[in-house]
Amino acid sequence: MVDGLIIPPGTGRRLVTAAHEVTYKVTGAHARHTSTFEVVVPPGFDVGAHVHGHGEEFFYVLDGELDVLAFEPRRRTTDDWRTWRSETGRGPVRAGAGSCMFVPPGCPHAFGNPTTRPARMLFQSTPAPDHERYFEELLTIFESGERVDAERVARLRRDYDIHQITPLRHAAPSTAPRDEQGRTR
């Protein structure tokens, strides 16, 4: 007989860095294909546009707002994914609670928190346990007590099928006025 898994609120293994807070909900020890996490995204965090060669991801905004993107742009620039446009003219979206984003393998995607308050999302990643191991190794880098080695982080991301297009950033969000697409005016 096989039992399911019930995870009460506020429980699960928690990893906290300056960049984000990740709580493991369902891991490769429980599921054959998908890892599930609750992620708190602080103001100013931008994961940067990136692509996975074989992984799939699903994001569901639980609280707050995130700028999100999941499309191939007309041109992949390496500075700011928020300026990207698809062949049909589509741009990044401001996603509030209840919004979701599915990312198939090979699709450029990004999320960032341009607001002044944390956002919270449910994040699922396949194959398990790739992202579990990635988060653990990233925490080790951040906890090394030394200045964070950007090349070491970049190497780790490549090792876990995270091919960075625009930079990962963590800075205070701009308080400048924004247009309806969330771009700074």
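Arg14 is exposed in this predicted model. Its relative accessibility is 52%, and the cut-off for exposed is over 50%. Arg14 therefore falls in the exposed class. Its salt-bridge partner is Glu21. The closest N and O atoms of Arg14 and Glu21 are 3.0 Å apart. Glu21 has a relative accessible area of 24%, so this residue counts as partly exposed. The pair thus joins an exposed arginine to a partly exposed glutamate.

Why can such pairs form? Side chains of opposite charge can pair when their charged atoms come close. How many salt bridges does a search of the whole structure find? The search finds 13.

Move on to helix 2, which covers residues 150-159. Glu151 and Arg155 both lie in this helix. They sit four residues apart, about one turn of the helix. The two form a salt bridge, with their closest N and O atoms 4.0 Å apart. A salt bridge here requires a nitrogen within 4 Å of a carboxyl oxygen. Glu151 also forms a salt bridge with Arg158. In that pair the closest N and O atoms are 3.0 Å apart. Glu151 thus takes part in a salt bridge with Arg155 and in another with Arg158.

Are these helix 2 side chains buried or exposed, or in between? Glu151 is partly exposed, at 42% relative accessibility. Arg155 is partly exposed too, at 39%. Arg158 has a relative accessible area of 44% and is also partly exposed.

Elsewhere, salt bridges join up into a network. Asp46, Glu65, Asp67, Arg82 and Arg94 are linked in this way. Find these five residues in the structure to trace the network.

Now turn to enclosed space. A search of the whole structure finds four cavities of 30 Å³ or more. The largest holds about 60 Å³ of space. Which elements give two or more residues to its lining? They are strand 6 (56-63), strand 11 (119-126) and helix 1 (130-142).

The lining can be read off along the chain. It includes His52, His54, Gly55, Glu56 and Glu57. Ser125, Thr126 and Pro127 also line the cavity, as do Asp130 and His131. Tyr160 and Asp161 complete the list. By class, the lining has two nonpolar, six polar and four charged residues. Pro127 and Tyr160 are the nonpolar ones. Glu56, Glu57, Asp130 and Asp161 are the charged ones.

Technical notes. Residues are numbered from 1 along each chain as its sequence is written. This is a predicted model: local features need pLDDT of at least 70, side-chain atom pairs count only at pLDDT 80 or more; totals for chains, interfaces and linings use all residues. Side-chain values use heavy atoms; hydrogens and water are left out. A salt bridge is a side-chain nitrogen of Lys or Arg within 4 Å of a carboxyl oxygen of Asp or Glu. Buried means under 20% relative accessible area, exposed over 50%, partly exposed in between (1.4 Å probe, protein chains only). On a 1 Å grid over the protein atoms alone, a cavity is a set of points where a 1.4 Å probe fits but cannot get out, and a pocket is an open set with protein on both sides within 12 Å along at least five of seven lines; lining residues have an atom within 4 Å of a point. Grid points are joined across faces, edges and corners, and a volume is the space filled by probe spheres set on the points.
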